[in-house]
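Biologist: I am new to reading models like this one. Could you put it on the screen, so that we can go through it together?

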Amino acid sequence: MLAEMSRAKVMGTGSYIPEAVLTNRDLEKVVDTSDAWITRRTGIKERRIATEGMNTSDMAAAAALEALGSAELEAGDLDLVVVGTVTPDRQFPSCACVLQEKIGALRAASMDVSAGCSGFIYALSVANNAIRCGEANHALVVGAEVLSGVTNWTDRGTCVLLGDGAGAVVLSRTEDDTGIRSIHLRSDGSFGNLLYSVDQCEDRPGPGVLPDMSALKPYYLVMDGQKLFKKAVECLEEITLWTLQRAGVDVSEISLMVPHQANIRIINALAQRLGLNTDKVYTTIEKYGNTSSASIPMALNEAAKGGRLAPKDKLLMVTFGAGLTWGASLVEWSI
Ligand code: ACO
């Protein structure tokens with residue numbers, strides 16, 4: 001009975017932002033593009049690139065330790081670690097298990113969630129449910145990506161969009177009425193052809209047969225940008241309105257929206273459809289580009305530490321990504 005009344009609330013946030021900056025001007029030397037085109041069509045001016053040898057779990061660990069520090073909790077307090085990523089260090093073990101070892105969260109159950117750019121909101125939902133049903137008291141939720149490792153650096157339609165980074169939140173069980181008020185997920189695999197990875201598996205002859213290693217293609221991402229753009233705006237609006245309705249919150253009550261950072265035109269189109277003022281929309285795309293699962297928790301940490309959120313504020317997070325997947329959450333802020 002107690003568990004049914006519980007909620008999950010955000011106790012702390014953290015992020016890791018790689019030092020190396022790749023500007024639009026730098027990209028002009030890599031592909032046939034221009035700073036003016038990238039800025040006008042996407043809003044991106046620069047993005048961060050992980051140091052060579054740095055894995056997703058390394059960035060996730062840095063973000064996680066900051067989030068635990070601001071939550072005033074130890075890694076040993078965690079019951080659950082969930083990582084949203086499309087770029088785990090390896091196929092297995094999961095990035096979450098590697099991360100758990102790196103930060104010393106050895107009491108926790110750990111798993112990855114693969115939901116394209118929606119990975120963080122999907123991971124948040126998993127952790128929220130575990131807390132609400134009484135399975136966990138404290139959970140770490142991470143979005144972390146090394147997209148530079150899966151970028152086709154000869155494709156100007158995608159390589160200008162992507163960046164690396166990690167963000168994390170710590171959730172704890174609460175009996176008060178703050179925290180995650182509603183969270184909803186959607187997917188539609190029939191649009192999977194709009195964004196997918198071409199990876200080594202496609203060249204594998206089958207179970208038990210060794211592939212010709214020299215014929216393996218690199219793993220990289222393929223996208224139909226225009227179709228995805230239109231679908232994204234529709235999905236984001238639909239899930240936002242549903243999530244607000246389920247939380248009993250009107251658009252006018254939103255204190256801050258932290259959307260997935262894929263394209264400033266997508267974000268602006270969503271804000272316009274919702275009738276939300278741009279001063280209530282938090283964007284980092286200009287500095288970091290699209291960091292997939294990491295974009296929302298990176299932006300959230302910056303917004304929270306920058307004084308953009310106060311207790312009782314109504315925070316809307318909304319995302320879409322490969323799958324297609326999409327989702328949103330309405331959170332009553334608590335720190
Ligand atoms: N520099 C210069 N020109 C370019 C570039 C570039 N980097 N990329 C494409 N172009 C050209 C095209 O070749 C095309 O030329 P043409 O008219 O001669 O054929 C022209 O610019 C227009 O191309 P469009 O694809 O129509 O441009 P659009 O305005 O749709 O912008 C973009 C492209 C930025 C990709 C946009 O469609 C978009 O953001 N879509 C959504 C992407 C997204 O949200 N992805 C999320 C997932 S990414 C992930 O999951 C990691």
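Biologist: Which residues touch the most other members of the largest nonpolar core?

Modeller: First, this is a predicted model: local features need pLDDT of at least 70, side-chain atom pairs count only at pLDDT 80 or more, and totals for chains, interfaces and linings use all residues. Residues are numbered from 1 along each chain as its sequence is written, and side-chain values use heavy atoms, with hydrogens and water left out. A nonpolar core is a set of buried Ala, Val, Leu, Ile, Met, Phe, Trp, Tyr and Cys residues joined through side-chain atoms within 4.5 Å, where buried means under 20% relative accessible area, exposed over 50% and partly exposed in between (1.4 Å probe, protein chains only). The largest such core has 44 residues, and those touching the most other members are Val-160, Leu-244, Met-257, Leu-276, Val-318 and Phe-320.

Biologist: Which element gives the most residues to this core?

Modeller: Helices (H or I, at least four residues) and strands (E, at least two) are DSSP runs, numbered from the N terminus. At least two core residues come from each of α8, α9, β12 (314–321) and β13 (325–332). With 8 residues, the top giver is α8.

Biologist: Between which domains does this core lie?

Modeller: Domain bounds come from an automatic or database domain assignment. Two domains both give residues to this core, so it lies between domain 1 (2–175) and domain 2 (181–192 + 221–332).

Biologist: Now the ligand. Which residues of its surroundings are the closest?

Modeller: A residue is near a molecule or strand if one of its heavy atoms lies within 4 Å of it. By that rule, 23 residues surround the ligand. The closest are Thr-33, Arg-41, Cys-117, Gln-226 and Asn-263.

Biologist: How many residues in this shell are nonpolar, polar and charged?

Modeller: Ala, Val, Leu, Ile, Met, Phe, Trp, Tyr, Cys and Pro count as nonpolar, Asp, Glu, Lys and Arg as charged, and the others, Gly among them, as polar. Sorted that way, the shell divides into 12 nonpolar, 7 polar and 4 charged.

Biologist: Which element gives the most to the shell around the ligand?

Modeller: Several elements each supply at least two residues of the shell, among them α3 (35–42), β10 (220–223) and α9 (264–274). Domain 1 and domain 2 both contribute to the shell, so the ligand lies between them. The most comes from one helix, with 4 residues: α8.

Biologist: How far is a polar side-chain atom of Asn-263 from an oxygen atom of the ligand?

Modeller: A polar contact is a pair of N or O atoms within 3.5 Å; within protein, one must be able to donate a hydrogen and the other to accept it, and residues adjacent in sequence count only if both atoms are side-chain atoms. Trp-37 has a polar side-chain atom 3.3 Å from a ligand oxygen. For Asn-263, the separation is 2.6 Å.

Biologist: Is Arg-47 buried or exposed?

Modeller: Arg-47 sits in strand β3 (residues 46–49). Its side chain makes a polar contact of 2.9 Å with that of Asn-24. Its relative accessible area is 0%, so Arg-47 is buried.

Biologist: How many of the 11 residues of helix α11 are buried?

Modeller: Helix α11 covers residues 295–305 and is largely enclosed by the rest of the structure. Its buried residues include Ile-296, Met-298 and Leu-300. The count of buried residues is 9.

Biologist: Where is Leu-324 found?

Modeller: Most residues other than glycine have a negative phi, and most peptide bonds are trans. The bond from Gly-323 to Leu-324 is cis, with omega near -10°. Leu-324 belongs to the loop between β12 and β13.

Biologist: What is the phi of Glu-72?

Modeller: Glu-72 lies in the loop between α4 (56–71) and β4. At 75% relative accessibility, Glu-72 counts as exposed. Its phi is positive, in a residue other than glycine, and is near 55°.

Biologist: Does Ser-292 count as buried or exposed?

Modeller: Ser-292 is in the loop between α10 (285–288) and α11. Its phi, too, is positive, near 55°. Its relative accessibility is 4%, so Ser-292 counts as buried.
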